[in-house]
Amino acid sequence: MVQFCQMKSLLAVVFRFLIIFIVVDLCLTLAWTTSAALDHGLDAIRLVLGMVLASAMPASITAAIFICFFLVNRLFSSRLAGYAVLMILSVAAAAGAGLLVRFVCVDCGSDLSTLPSLYMPIAQWFMRISVAPWTDFAIGLGTFAVMNAACWSLTRLSRNRPLFGAFVAPSAALAALYLFSMYLSGPADAVFKLAGLDLPRTMTTAALAACTTLGLVLFDALFAMKPTGVPRHG
Amino acid sequence: MAEHKPAYMAVAIGLFAMAFVIGFLIALASIGHSGVLFRFAVSWETMNAALAIAGWAPAILLVASALAMESSEAHDGFTGAAAQVLAPALILAAVVSIFYLLVVPGLTERKARYESQSQLFVDSLRGAEDALQTGTLEVAARNLLACAAIDRLDERYVELNEKVQKSLVEARAAKADREAPPEPQRTEEDDWAEANRFYLEALKARADGRLFDAHYLAKRSAAIYSKRPEVRRLVNETWSDLQRLGPSAEQKGEAALYKRKLEGYTRFQEGDYLEAYRIYSELAAEASGDVDIATYLKRSAEGLLTIAFFTEEDMRAFSRTDGGPFKITLTSPDGSISTLAASRMAIAEEAVYFRNVIYSRSGAEPVRVRAPFARLHGDTMLLRAVDRDHPDMVWEPTYETASGSGFAVRLPFNQEDVARVHWLSGAPSDIPITLLATGIADAGRFGLETRPLLIELAGRMAYPFAALMLALLGAGLGIRFKPVAPPSTRAKYLTAPILVALAMAPLQMIADVGRLAARAMATWLSPALFLPAWVGFLAACVVISLFVSARIAGRSVR
């Protein structure tokens, strides 16, 4: 019976994640394609649609995983189980998205100028890492996905004021994307060079994302509340 | 247990008050770097605080609704909660919309005025200091006049003004000393000698028959040394000779004056008002008391105004306002296109004034004319300007086409149309809501880009809908994330600013998506379809918000 309940919870999270992922990806694609069509004419839709659909996937994964945090809070009372579900889900989604680009969307186009400038580094990184050697593919997408999942603790800041988590989550999702785009920038490389390490950018980004993940998990252990694992109030 | 009504309105008012205080404190902390004058400090801080409310209002509405629902004891789920929050939300939507539409533009304008006047004061003060150091006291005084017009109690102004006034007094005294004529050290013998020289020259002139010179020189001699009777006699004799030989100078002067008056009158009768005005202006300087001259100077000026205007009107209009570059294009029903472009324009009550204007009209008889000055009253544009004080200075139009002549052109649009186009071609955010709502059709008719205006109108129309959506979403969040024990009022208000700050970035993103939708509709739909489509879109968003909120709250709409 317990196993059945756990399986049901897991399926609920997976189902919620997939639905949100698809809805967000379609919404972002609609918005960015519209923007491209307004700037470059209706013909641009045909040219950018595939690329926008693919490059919106990292943002969609982030949005979906952040929304799933609240469901996981209600379904799992163990941090370990929660993190396991979220990380596996996030990594699987990132890997799936990467594989989709690698094998299906190879010729989706590389002109990302229609995307918002703040998101462009992540889109460029995603399109690049998806066709990179398998080791880089795994490390790059894995650290991105795990860093997103590690933000779970931010929705459990206060037991007395769960509303706080609801307001933190959207900003934290944006902050996570922004932080990752910072890790992809030159100044982040410079930190490693100062330390005497000459690593490729894929590795420096992965290292910084991994450090952030560790920090967030530590924050969870020290400050965040345990997930309730019980249905909502009211 | 009695059911508590969700105090959405009270929480919202409380948060707005907090936002005002926080905005005021932020302005207080930043006033040192803003360069705003002490005189404007409190007003500027108040404007900033009110504008902070405007900037944070969407997040405040969301958070207020969430906080109200978070501590509500209602047990009839989202539908009941939504119903309870809807009435105050509608009132707040109306208040917030009025605030945005009618109050915020005025606040922004006043804040900008305080900042620009402070900047002008500081620049003028600096200019005056520099001028004082370089010794150009007139420039310093002029700069200080600009400062005085803004704040004559500012300590920096008072101190510098004292220095400049002191320097001016010293400079004037020094100049007076330099320019004062040296004390005459002349003796009576010197005067006699000089007077005698004039006397001898006068005698010679009389002998040569140059009676005017003789009289003039004799008078000069008498003025220098008046004790010689033969000199006085010579003065009288030469004057008598002048009187005897012809009409008196007075008579001659009167005759000449009459001749000129007649000439001016003839010009006036011929309709050459400019020449008539020139003649009567000259004569008025010579004989200011002459009734005929005064009458016909006035009448010729009136006549002149039908074919020209005085540059002083242009100067006066531009001293009050400067509209910058201007362009208007109108396609007439017959297919001819009329375009009026000017490097600068100024709108006055009685007319619109242009500088460096080019008017062109296509069609069977194309016209293209340019003029340095132009004045539009009604639908008649005068292209000739005259300097009132120096009527010889006239600025006339130059026709670049064979067809077309004259100093006035009848335009297919009037002064009101021009003023309307001027307002509509400025920054859309500066256009008053009434003009924006009624002027978009005119903008299209006069060749202006209507898309930015439609987008701006869409943005302003969205305020009440957005307020409603935020209230609903906040209610959903409040119900869904209700704590086991309601938080204390103090905890609620202490955490509210953090929640408002957290909500800002996501709301900004949603607002960007809204702007994108407005842009898309303004681009791809006809202006006639735009407004119904946009209102429909906003209504659909409200309905979607209702269902999303219900979903977040965990209850379906009953």
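Strand 4 and strand 5 of chain B form a hairpin with five residues between them, and B:Gly363 in the turn has a positive phi of about 125 degrees. Strands (E, at least two residues) and helices (H or I, at least four) are DSSP runs, numbered from the N terminus. The structure is a predicted model, in which local features need pLDDT of at least 70 and side-chain atom pairs count only at pLDDT 80 or more, while totals for chains, interfaces and linings use all residues. Residues are numbered from 1 along each chain as its sequence is written, and chains are lettered from A and ligands numbered from 1 in the order in which they are written.

**Strands of chain B**

Two strands count as paired if DSSP finds at least two bridges between them. Strand 5 of chain B takes part in several of the pairings listed here, each of which is antiparallel.

| Strands of chain B | Bridges | Residues standing opposite |
|---|---|---|
| Strand 4 (residues 352-361) and strand 5 (residues 367-377) | nine bridges | B:Tyr353 and B:Arg375 |
| Strand 5 and strand 6 (residues 380-382) | three bridges | B:His377 and B:Thr380 |
| Strand 5 and strand 9 (residues 398-399) | two bridges | B:Arg370 and B:Thr398 |
| Strand 2 (residues 326-331) and strand 3 (residues 337-347) | six bridges | B:Phe326 and B:Ala342 |The strand 5 and strand 6 pair of chain B forms a hairpin with two residues between the strands, where B:Gly378 in the turn has a positive phi of about 60 degrees. In the hairpin of strand 2 and strand 3 of chain B, five residues lie between the strands, and B:Gly335 takes a positive phi near 95 degrees.

Chain B also has an open sheet of three strands in the order 1-7-8, with mixed pairing. Its edge strands are strand 1 (309-310) and strand 8 (394-395) of chain B, each of which pairs on one side only. Strand 7 (residues 385-386) of chain B pairs with strand 8 of chain B in the antiparallel sense over two bridges, and B:Val386 stands opposite B:Val394 in strand 8.

**Domains of chain B**

The domain assignment, which is automatic or taken from a database, gives chain B domain 1 (8-173), domain 2 (249-307) and domain 3 (310-406). The C-alpha centres of domain 2 and domain 3 of chain B lie 29 Å apart. Six residues of domain 2 of chain B are in contact with five residues of domain 3 of chain B, where contact requires that the C-beta atoms of two residues, placed from the backbone, lie within 7 Å. On the domain 2 side of this contact, helix 10 (residues 273-286) of chain B gives the most, with four residues. By class, that side has four nonpolar, one polar and one charged residues. Here Ala, Val, Leu, Ile, Met, Phe, Trp, Tyr, Cys and Pro count as nonpolar, Asp, Glu, Lys and Arg as charged, and the others, Gly among them, as polar.

**Contact between the chains**

The contact between the chains takes 23 residues from chain B and 18 residues from chain A. On the side of chain B that touches chain A, the elements that give two or more residues are helix 2 (41-70), helix 15 (451-480) and helix 16 (489-524) of chain B. Helix 16 of chain B gives the most to this side, with 11 residues. The same side of chain B has 15 nonpolar, four polar and four charged residues.

**A helix pair in chain A**

Helix 3 (residues 57-75) and helix 7 (residues 162-183) of chain A pack at an angle of about 145 degrees, with their axes 10 Å apart. The axes are lines fitted to C-alpha atoms over the stretch in contact, and angles run from 0 to 180 degrees between N-to-C directions. The crossing of helix 3 and helix 7 of chain A is right-handed; a crossing is right-handed if the near helix is turned clockwise from the far one by less than a right angle, and left-handed if anticlockwise. A:Ala59, A:Thr62, A:Ala63, A:Phe66 and A:Phe69 in helix 3 meet A:Ala169, A:Ala173, A:Ala176 and A:Leu177 in helix 7 of chain A. The residues of this contact divide into eight nonpolar, one polar and no charged.
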